[in-house]
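New notebook page. I'm going to poke around this protein and jot down what I look up as I go.

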Amino acid sequence: MFIEADADVCLSQLGGGDSLKPPFPCLEELLFVPLGYQDTLNSPLLFIQVTRLKCGGFIFGVQYNHTIFGSHGLYQFMLALAEIARGEVVSPSILPVWQRHILNARDPPQVTFAHPEYDVTMSDNNGTLPLLIPEDMVYRYFLFTPKEVGALREQLPTHLRRCTTFELLTACLWRCRTVAISSDHNAQVRVAMAVDTHGKIDPPLPTGYYGNTVAYPVAVSTAYKLIHSPLGFAVDLVKRSKSEVNEEYIRSTADLMPIKGRPVISTEGTYFVSDVRKTPDEHDFGWGKELYGGYAIGSQCAVLWMASFYISYRNNKGDEGILVPVCLPRLAMNKFVVEIKSMTTNIKPSAQPLQPKTSQLKSLIYRKSAL
């Protein structure tokens, strides 16, 4: 579905006086999605809206079915659109490849990894995704510049200091979020990482492969152990879990699907993180380079309560870094801010006693296609 629109606003009105960052106002007017779009079998797989602004800029909004392609496929799709829009080619320079059979389950299937990401929990019910939605949500954005990242890295033992920035931030955010919301120190808490497996298969997937190749390894700990251990403990868990994603892990995941009836990822006690910093600068449709490229994230996005996206960002002061949106109940956010500040300024986190917050939460059920 393709929508063409005009808006009587300027780009500066969407940035709120600062560089562009989500959640964007009036998102529902910038990407039209009809009622019933979540009905996968009777709905378009792709929605696009191009909105012209009175200042001469434009907004390209796209929503797609994640079972059709992942971030790598979206990258290729956007490059192809830009090439054609600029009049440079008649057909894309990278032609799409289907070949979904490459990632089919083996015969017979052999599950060789534990795959705790698909463990059935009390909150998992008949293929739905239960999301806990706070009644008093607060959205905050945390910019991690090289200064903050360096402060975190200094807290690690020598053998862990060469971890990636993704691993370091994931460990830090997971720990701080657990401090902020956990009500039971014996509870199992998890962080699930979206890992692109595109280059982890031998022979590699063919150039132009559009299929979704994302795996979701999880790191697991008790809340007490995660909170009261040094940052290196969480970093080590994240590194170990992420490093498991090799070809055999991918094959094992594919084999698990028919054996367990295509289970959904468990959400109980789980924090999801996804790195979307690799949005290409080549998205030039002929009107100039993009000023922002990444997830839009509406202010009513329920998934934001349980997930964070890492976004490349530069503010009006010229500071560059990684912008991370976080959504928590108001009281929990206050604790989260204190923990983040203490960790990024090399002040020992408080690790205060865990306090129940169940009264601040209510449960809503979302379809499994929501994530």
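How many residues does helix 7 have, and how far does helix 7 reach from its first C-alpha to its last? I looked at residues 231-243 and got 13 residues, with a reach of 18 Å. That is close to the 18 Å expected at 1.5 Å a residue. Note to self: I'm working with a predicted model here.

**Entry: more on helix 7**

Next I checked which residues of helix 7 are buried, and I found Leu-231, Gly-232, Ala-234, Val-235, Leu-237, Val-238 and Ser-241. I remembered a handy rule: an α-helix has 3.6 residues a turn, so residues three or four places apart point the same way. Then I asked what the buried residues of helix 7 pack against. Among the helices I noted helix 4 (146-153), helix 5 (165-181), helix 6 (223-228) and helix 9 (330-344). Strand 6 (188-193) and strand 9 (218-222) are on the list too.

**Entry: the whole protein**

I zoomed out for a minute. The secondary structure comes to nine helices and 13 strands. The protein has 371 residues, and 43% of them count as buried. I also looked up contacts with a separation of 6 or more: residues 24 or more positions apart account for 76% of those.

**Entry: the three-stranded sheet**

One open sheet has three strands in the order 1-2-3, and its pairing is mixed. Why is one side of strand 1 (2-7) and of strand 3 (58-64) left without a neighbour in the sheet? Both stand at the edges and each has a single partner strand, so there is nothing in the sheet on the other side. The twist from one strand to the next averages 15°.

I followed strand 1 along strand 2 (residues 46-53) and found parallel pairing over six bridges. As an example, Phe-2 stands opposite Ile-48 in strand 2. Helix 3 (residues 71-85) packs on this sheet and touches strand 2 and strand 3. The direction of helix 3 makes about 140° with that of strand 3.

**Entry: the six-stranded sheet**

There is also an open sheet of six strands, in the order 5-12-11-10-6-9, again with mixed pairing. Strand 5 (137-144) and strand 9 are at the edges with a single partner strand each, so one side of each has no neighbour in the sheet. Here the twist averages 25° from one strand to the next.

In which sense do strand 11 (residues 307-314) and strand 12 (residues 320-329) pair, parallel or antiparallel? They pair in the antiparallel sense, over four bridges. I picked out Tyr-313, whose bridge partner in strand 12 is Gly-321.

Two helices that I noted pack on this sheet. Helix 4 touches strand 5 and strand 12, and its direction makes about 85° with that of strand 5. Helix 7 touches strand 6 and strand 9, and its direction makes about 145° with that of strand 9.

**Entry: helix 4 against helix 5**

I looked up how helix 4 and helix 5 pack and got an angle of about 75°, with axes 10 Å apart. Helix 4 and helix 5 are therefore roughly perpendicular to each other. On the helix 4 side, the contact is made by Val-149, Leu-152 and Arg-153. Helix 5 brings Thr-165, Leu-168, Leu-169 and Cys-172. Sorted by class, the contact has five nonpolar, one polar and one charged residues.

**Entry: odd spots in the loops**

I went hunting for cis peptide bonds. One joins Asp-107 and Pro-108, with omega about 0°, and Pro-108 is in the loop between helix 3 and strand 4 (129-134). Another runs from Asp-202 to Pro-203, with omega near -5°. Pro-203 sits in the loop between strand 7 (195-196) and strand 8 (214-215).

Then I checked for positive phi outside glycine. Gln-99 has a phi of about 45°, and this residue is in the loop between helix 3 and strand 4. Arg-262 has a phi near 50° and lies in the loop between helix 8 (247-260) and strand 10. Is Arg-262 buried or exposed? Arg-262 counts as exposed, because its relative accessibility is 62% and the cut-off for exposed is over 50%. Gln-99, at 35%, counts as partly exposed.

Last one for today: Asn-65, in the loop between strand 3 and helix 3. With 17% relative accessibility, Asn-65 counts as buried. Leaving out residues up to four places away in sequence, Asn-65 touches Thr-40 and Leu-45.

Note on methods
Residues numbered from 1 in each chain as written. Predicted model: local features only at pLDDT ≥ 70, side-chain atom pairs only at ≥ 80, totals over all residues. Heavy atoms only, no water. Expected span 1.5 Å × (residues − 1). Buried < 20%, exposed > 50% of the residue type's maximum accessible area, 1.4 Å probe, protein only. Contact = heavy atoms within 4.5 Å. Pairing = 2+ DSSP bridges. Axes fitted to C-alpha atoms, helices over the stretch in contact; angles between N-to-C directions. Parallel < 35°, antiparallel > 145°, perpendicular 65-115°, else oblique. Nonpolar A, V, L, I, M, F, W, Y, C, P; charged D, E, K, R; others polar.
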